[in-house]
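Visitor: Before we turn to particular residues, could you take me through this model step by step, giving the reasoning behind each answer?

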Amino acid sequence: MTVGKPLYLILNFTIPLVLGNLLQQTYSLIDTAIVGRYLGINALAAVGASAAVTFLILGFCGGCGAGFGIPIAQKFGARDMVTMRRLVSVSLKLSVVMSVVIAFVTSLLCAPILRWMSTPESIMDDAYIYLLITFIGIPCTFLYNQLSSIIRALGDSKTPFLFLLLSTVMNILLDLLCIIVFGWGVAGAAVATVVSQGFSALLCYRYMYRKYPILRTEPEDRRFRPELAHELLAIGVPMGLQFSITSIGTIMLQSSNNALGTACMVAFTAGTRIKMVFLCMLESIGVTMATYTGQNFGAGKPERIWQGVRSAGKIMLVYVVVINFILWNYSEELAMLFMEASETDIIDKTVLYLHTTAVFYPVLGSLCILRYSIQGAGFTQFAMLSGVSEMLARGLVSVVAVPVWGYAAVCFGDPTAWIFANIFLIPAFVYVYRRLCRRLVTHENQDITAL
């Protein structure tokens, strides 16, 4: 991605990512739809009750995996294949250890987490088993994100999508088998998702080492190197924390919403699942910019980073116009994917949530582009601080606005967070870009002096 027209490169790389993200959301969407249709509203509320805390933990795992891919993309852009192979080896070792530890600790904390989130006793048992199985499966999620990040760092976004497509089909079949045939309830939905993601991770691992000879290591490459582990953790952990910190605000918002009753819980769950499907494109553009920026940073071409940001912005605006048209005209039909038409109050609340957030999608699109570009350049601490801004905004809405305006304030929780994050990210990106340009000029002057 260091040569050629940025608009074409970004769009070509983004499309498989969008399809892959859509498939990941399909996991969640299918689970939710089947649970709501076959197990009822209370079961749907149980799945939704743990959504924010699940995103907190899985978001950290996904963020770490994506962050580990950034130094790999940078070394690939700089054509330093030896260091790249060693980074891959160390990153996989870190992923295994971290995911097992996280799975063990979070599994022990399921019940306290749900009580802290004011989960109603009527759905506590279902919410607990769903959350427990999800946490036990964390190594599958962590490794899939890490392995697909490595493949994308090499410029291939199509293959992870194809593997995810296969596992999505598997997820659908397992959902139907576990819930309808075996009668496992919400536990069946969780089992289906975990097994499917483990299948994706296995496919990625086998493909990666067969397809790319440059990744095949010698014994010296497989040695654990603390200095490379430090480099990976310095980028991966802040990127993971950015997702987790953002999720803390979401948990606060969801806890406030839970206190408003089951109808608001179901509407928020359905609205969030629908929203996440439509946000796949924006998230995918951001992930593309992380790889694009990382490779051009490694190649010493900061001017292409700014060109890429402008091109990504154009793609984002066209998409936002199309999505707003869909959501403002068909939100009610989308809501009825999860519930019967007779649930008019819940449907109205779901529509209100979707309409409110859709207006602010350009703000979110800018956030994704700037945040991931900053991460791709290696300044992950700035991205983490933007997550702090989001957390504070959602916390303020939860504590101040929701008690006064109720569910209407919940609908403005995400847009408020996106605005707060952009207030920080815009000057942060200007600072990072200027610093990269100065670094390039300094290196050029040093080369001239050496000659």
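Visitor: Is Leu-317 buried, partly exposed or exposed?
Guide: This is a predicted model, and in it Leu-317 lies in helix H13. Its relative accessible area is 46%, and the partly exposed class runs between 20% and 50%. Leu-317 is therefore partly exposed.

Visitor: How far apart in space are Leu-317 and Pro-362, C-alpha to C-alpha?
Guide: Along the chain, Leu-317 and Pro-362 are 45 residues apart. In space, the distance between Leu-317 and Pro-362, taken from C-alpha to C-alpha, is 6.6 Å.

Visitor: And what separates Met-81 from Leu-317 in space?
Guide: Met-81 is found in helix H4, which covers residues 81-108, whereas Leu-317 belongs to helix H13. The two residues, Met-81 and Leu-317, are 236 residues apart in sequence. From C-alpha to C-alpha, the separation of Met-81 and Leu-317 in space is 37 Å.

Visitor: Which residues does Met-81 contact, leaving aside its neighbours within four places in sequence?
Guide: Contact here requires heavy atoms within 4.5 Å. With its neighbours within four places in sequence set aside, Met-81 is in contact with Phe-76 and Ile-214.

Visitor: Which residue lies over the face of Phe-76?
Guide: A charge is counted as sitting over a ring when, for Arg, the CZ atom is within 6 Å of the ring centre and within 35 degrees of the ring normal. At Phe-76 there is such a case, at 4.9 Å from the ring centre, and the residue lying over the face is Arg-79.

Visitor: Is Val-321 buried or exposed?
Guide: Val-321 is found in helix H13, and its C-alpha atom is separated by 44 Å from that of Phe-182, 139 residues away along the chain. The relative accessibility of Val-321 is 58%, and a value over 50% puts a residue in the exposed class. Val-321 therefore counts as exposed.

Visitor: Which residues have the most contacts inside the largest nonpolar core?
Guide: The largest nonpolar core has 62 residues, and its largest share, 11 residues, comes from helix H13, residues 302-335. Within this core, the residues with the most contacts are Leu-282 and Tyr-361.

Visitor: Which residues of the second, separate core can you name?
Guide: This second core is separate and has 48 residues. Its members include Phe-60, Cys-110, Ile-138 and Cys-204.

Visitor: Which residues does Tyr-361 contact, leaving aside its neighbours within four places in sequence?
Guide: Tyr-361 is buried, and it is one of the residues with the most contacts inside the largest nonpolar core. Leaving aside the neighbours within four places in sequence, Tyr-361 is in contact with Lys-275, Leu-279, Leu-282, Val-320, Ile-323, Asn-324, Leu-327 and Trp-418.

Visitor: How many aromatic pairs are there?
Guide: Two rings pair if their centres lie within 6.5 Å. By this rule the count of aromatic pairs comes to 12.

Visitor: Is the pair of Tyr-361 and Trp-418 stacked, edge-to-face or tilted?
Guide: The ring centres of Tyr-361 and Trp-418 are 6.2 Å apart, with their planes at 50°. Tyr-361 lies in helix H15 (residues 361-376) and Trp-418 in helix H18 (residues 413-450), so the pair ties together parts that are 57 residues apart in sequence. Planes under 30 degrees apart count as stacked and those over 60 as edge-to-face, so the pair of Tyr-361 and Trp-418 is tilted.

Visitor: Is the pair of Phe-429 and Tyr-433 stacked or edge-to-face?
Guide: Phe-429 and Tyr-433 are four residues apart in helix H18, and so are separated by about one helical turn. Phe-429 is buried, with a relative accessible area of 7%. The two rings of Phe-429 and Tyr-433 are 6.2 Å apart, centre to centre, with 15° between the planes, and the pair is stacked.

Visitor: How many disulfides does a search of the whole structure find?
Guide: Cys-61 and Cys-64 are both candidates to consider, and each is buried, with a relative accessible area of 0%. The sulfur of Cys-64 is 6.9 Å from the closest cysteine sulfur, in Cys-61, which is too far for a bond. For the whole structure, the number of disulfides found is zero.

Visitor: Where does pLDDT stay under 50?
Guide: The mean pLDDT of the chain is 82, and 92% of its residues reach 70 or more. The stretch under 50 has zero contacts beyond four places in sequence in the model, and it covers residues 447-451.

Key. Residues numbered from 1 in each chain as written. Predicted model: local features only at pLDDT ≥ 70, side-chain atom pairs only at ≥ 80, totals over all residues. Heavy atoms only, no water. Phe/Tyr/Trp six-rings, centres within 6.5 Å; stacked < 30°, edge-to-face > 60°. Helix = DSSP H or I, 4+ residues; strand = E, 2+ residues; numbered from the N terminus. Buried < 20%, exposed > 50% of the residue type's maximum accessible area, 1.4 Å probe, protein only. pLDDT = per-residue confidence, 0-100. Disulfide = S-S within 2.5 Å. Core = buried A, V, L, I, M, F, W, Y, C linked by side-chain atoms within 4.5 Å.
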